[in-house]
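Subject: Structure for you to look at

Hello,

Here is the structure I said I would pass on. Please open it before reading the notes underneath.

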Amino acid sequence: MKNNLGNSTKLILLHPYIQKQGSSNRIWLLAFISFFTLAFLVTLIYTRESFTATVVTASSATASSINSGGLANSVVRALVHYASNSNNTDHMSYTDIKQIAEVLQKCKNPCNFLIFGLTPETLLWKALNPNGRTVFIDENRYYAAYIEEKYPEIEAYDVQYTTKITEAKELIAAVKEQVRNECRPVQNLLFSECRLGLNDLPNQFYEVDWDIILVDGPRGYWPEAPGRMSAIFTAGVLARSKKSGNHKTHVFVHDFNQKVDRSTSDEFLCKENLVKSKDMLGHYVIGKMDANIFQFCRNNHLSSSSSSAAASSK
């Protein structure tokens, strides 16, 4: 019995020193891990605070740069480059965008920029005029509402055009007949019945002195399309009817190679105001006009005073 018990049972005794040494090693290991964990957390917090401070400093510097004088030249060049190299076949060329961007950069702050047409460049025009007011006019009320909902910073209005490309000659002739009344070059279009004048926009629209106007809409590539006659006529009147200031208005007409757009521009923006015509863009600079002048272009204008003098000399 005793031998069986001795063969089947082994008694293991641990010396107190061995137990003490094992506990000591675990304590040192725990301390070692705790030290490096604490060091890692301190490093992480410090790095995060440094990064946050750097971002805040950079953001402040960028905001200061924008507020002091518009976007930096490098940002403008980048925006123009990427906008003109998008895959959308309807976008403007690099040359056309660059012309408008250069004028925007030189525009006084705040700059009032009016665009006829919601196009692939819509966000670009808004970005290039950070301190000013950028307003879009489009023929499609649903698309205008969609753009405003998707991009709340965009200010867009819809307008109903009543014109057709096939009526261009008739409409221009009608303006010439009414140039002393409803279709005069200096007026508040809100109260006008001229067929080419846009008079159904918000009242405050007609109180703004527009510094730059871009005509890039509405559509005008088939006989029943509205064409850009109304937009060009309205741009010419707005430029000549400024309330204050002696600075001139830059008017750009895109798709300047289209026959109707070119002929309408000749009538209401005038060749003597054309400063540049390159690729598909016409650039006009138009000054404020006296309310007593009743012709759009200088080569055939006739003021009320000169017409009276002519009548008395006969």
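The notes below cover the pockets and then one pair of helices.

This is a predicted model, in which local features need pLDDT of at least 70 and side-chain atom pairs count only at pLDDT 80 or more, while totals for chains, interfaces and linings use all residues. Residues are numbered from 1 along each chain as its sequence is written, and side-chain values use heavy atoms, without hydrogens and water.

Pockets

A pocket is an open set of points on a 1 Å grid where a 1.4 Å probe fits, with protein on both sides within 12 Å along at least five of seven lines; lining residues have an atom within 4 Å of a point. The largest pocket has a volume (the space filled by probe spheres set on the points) of about 460 Å³. Its lining has 21 residues, and Leu-118, Thr-119, Asp-216, Arg-219 and Arg-228 lie nearest the centre.

The second largest pocket holds about 230 Å³. It is lined by 15 residues, with Glu-272, Asn-273, Met-289, Phe-296 and Arg-298 closest to its centre.

Helices

Helices here are DSSP runs (H or I, at least four residues), numbered from the N terminus. The axes (lines fitted to C-alpha atoms over the stretch in contact) of α8, residues 229–240, and α9, residues 259–268, come within 9 Å and cross at roughly 25°. The two are therefore roughly parallel (angles under 35 degrees). In contact (heavy atoms within 4.5 Å) are Met-229, Ile-232, Phe-233, Gly-236 and Arg-240 of α8 with Val-260, Asp-261, Thr-264, Ser-265 and Phe-268 of α9.

Regards

Technical notes: Axes fitted to C-alpha atoms, helices over the stretch in contact; angles between N-to-C directions. Parallel < 35°, antiparallel > 145°, perpendicular 65-115°, else oblique.
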